[in-house]
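Here is my notebook from a sitting with this model, written up for a colleague at the bench. I went from spot to spot and jotted down what I looked up.

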Amino acid sequence: MNERVTEIGATICRKLEEEIAELREDTPSRELLGSSVEANVETLLHALRHDIPVTRVRAPTAATEYAKRLAQHGVSLNALIRAYWVGQRRMSELVFAEVRATDIAAPQRLDVLQAITTTLFNYIDWITRQVVAAYQGEREQWLENQNSIRALQVREVLTETSVIDVDAATESIRYPLRWHHLALVLWYPELSTDGDELRRMQRFVRELAEAAKTSAGPLFAAVDQVSAWAWLPFRSLPADPVGAVRRFARDRTEAPCFAIGTPGAGIEGFRRSHRHAQAARAVALARGADDPMVFSATDPGLSAAALLGGDMAEARDWVSEVLGDLACDSDNDERLRETLRVFLRTGSSYKAAAAEMNLHFNSVRYRVARAIARRGRPIDDDRLEVEMALLVCQWYGGAALRRDPA
């Protein structure tokens, strides 16, 4: 068999392409596949012939380079692993045929087959570990490089002062900038990192795009190891894209935190949706890690609250001036603020507020009176400021409140 390495390699290579479509379809790497298989056959046969322990064998250069090439081309790791086990099966068939054709006594034939089979299995197991490590290392580095390049290109598109050739930019970032867009900003809390955040966020965005029925693949751009930007493209905007995103994320316990922008069209919509998602994220981060992980710029009042939250110390002082003691961080004041907010939003209607909050009419009247008393002055003259301050409290929570309840 040592004298027929090229022939045996070609036989196994044909079998791999026959059974594993991903390898067959990866045309640029097919020649390297043949070199990888032949190098593995030669290395294995030398190990058998000279009784070399498998643990001393290094994966052939062609084999590791082929694994790296698959990683670069996006061929799945499963296809690579399957190739080695399919190759082992075909190699076993060829070995058995050789042994059967050899004039060896039956007991010795069994011993020979057992020895060769054991070495073959150990070889495949040992080499597979090495090529998997090569694949994973290359994939991580390749994704990091690709993400870095794409992130730079995306930042150029986002620059408001630059003049962009939309068609050229579309080709460069491989994303349809003339369509409708919904931007996302994704992140994982720093304390929960495990080194695989970018891969998990990419998978989340890809699966989200499928669930939201986007008209093309999503755009993903890494910001750092724990945060990223993304856009979902639509030829025509669906009825409720934000709702679709929320429904997808609702039951996914390992989903990243993310903020959603407002839908927009064209390159200006692409930029505006991203700005709004960034603003929603700023609200989420200021509010704290214990709060809901999904914030959307389309949520009523959030965009207005975001405008007032650029300087949280200043915002907190302003809220305290407007709301007085009602701005204290206590459960009772929180109930009073929420009741007053709903009351004002429903046109100062006790009945409408009671229906929305599922409370008795008199309970709403009592809470509104208590809220005004806690504030220390009527709300007739500065009602708009009161409503804005209540919005800031709603979205920023404790970050906008006083710590010294009266």
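**Entry 1: odd backbone angles**

I began with Ser348, which is found in the loop between helix 13 (331–345) and helix 14 (350–357). The model is predicted, so I read each angle here as a computed value from that prediction. Ser348 is not a glycine, yet its phi is positive, at about 60 degrees. Is Ser348 buried, exposed or partly exposed? I found 29% relative accessibility for Ser348, so it counts as partly exposed, given that the partly exposed class runs between 20% and 50%.

I then turned to Lys213, another residue that has a positive phi without being a glycine, this time of about 55 degrees. Lys213 sits in the loop between helix 8 and strand 2 (219–222). Its relative accessibility is 69%, so Lys213 counts as exposed; the cut-off for that class is over 50%.

**Entry 2: helix 13 and a contact along the chain**

Back at helix 13, I looked up Arg345, which is found in that helix. Arg345 has 46% relative accessibility and therefore counts as partly exposed. How far apart in space are Arg345 and Glu387? Their C-alpha atoms are 8.0 Å apart, while 42 residues separate the two in sequence.

**Entry 3: two helices and the glycines after them**

Helix 4 covers residues 61–72, 12 residues in total. I noted a reach of 17 Å from its first C-alpha to its last, close to the 16 Å expected at 1.5 Å a residue. Which residues of helix 4 are buried? My list reads Ala62, Ala63, Thr64, Tyr66, Ala67, Leu70 and Ala71. Just after helix 4 comes Gly74, with a positive phi of about 75 degrees.

I did the same for helix 10, residues 266–287, which has 22 residues. It reaches 32 Å between its end C-alpha atoms, close to the expected 32 Å. Its buried residues include Gly266, Ile267, Phe270, Arg271, His274 and Val283. Gly288 follows helix 10 with a positive phi near 120 degrees.

**Entry 4: the cavity**

Next I looked for enclosed space. Rolling a probe the size of a water molecule over the atoms shows where empty space is left. I got one cavity of 30 Å³ or more, and the largest cavity holds about 210 Å³ of space. There are 18 residues lining the largest cavity, and those closest to its centre are Ile12, Val37, Asn40, Tyr84 and Gly87. Which elements give two or more residues to this lining? They are helix 1 (5–19), helix 3 (30–49), helix 5 (77–100) and helix 6 (106–158). By class, I wrote down 14 nonpolar, four polar and no charged residues for the lining.

While in helix 5, I also checked Val86, which has its place there. Val86 counts as buried because its relative accessibility is 5%, and the buried class is under 20%. Ile149 is 63 residues away from Val86 along the chain, and their C-alpha atoms are separated by 37 Å.

**Entry 5: aromatic rings**

How many aromatic pairs are there? I have eight in my notes. The Trp85 and Phe121 rings have centres 5.7 Å apart and planes at 45 degrees, so I call that pair tilted. Trp85 belongs to helix 5 and Phe121 to helix 6, so this pair ties together parts that are 36 residues apart in sequence. Trp85 is partly exposed because its relative accessibility is 30%, and Phe121 is partly exposed too, at 44%.

Phe204 and Phe248 form another tilted pair, with 5.5 Å from centre to centre and 55 degrees between the planes. Phe204 lies in helix 8 (residues 197–211) and Phe248 in helix 9 (residues 241–250), so parts 44 residues apart in sequence are tied together here. Both Phe204 and Phe248 are buried. I also found Tyr175, Trp231 and Phe270 in one aromatic cluster; Phe270 is among the buried residues of helix 10.

**Entry 6: charges over rings**

Last, I looked for arginines over aromatic faces. Arg200 lies over the face of Tyr188, 4.4 Å from the ring centre. The charged end of Arg365 sits over the ring of Tyr350, at 4.6 Å from its centre.

Technical notes: Residues numbered from 1 in each chain as written. Predicted model: local features only at pLDDT ≥ 70, side-chain atom pairs only at ≥ 80, totals over all residues. Heavy atoms only, no water. Helix = DSSP H or I, 4+ residues; strand = E, 2+ residues; numbered from the N terminus. Expected span 1.5 Å × (residues − 1). Buried < 20%, exposed > 50% of the residue type's maximum accessible area, 1.4 Å probe, protein only. 1 Å grid on protein atoms, 1.4 Å probe; cavity = no way out; pocket = protein on both sides within 12 Å on 5 of 7 lines; lining within 4 Å. Points joined across faces, edges and corners; volume = space filled by probe spheres on them. Nonpolar A, V, L, I, M, F, W, Y, C, P; charged D, E, K, R; others polar. Phe/Tyr/Trp six-rings, centres within 6.5 Å; stacked < 30°, edge-to-face > 60°. Lys NZ or Arg CZ within 6 Å of the ring centre and 35° of its normal.
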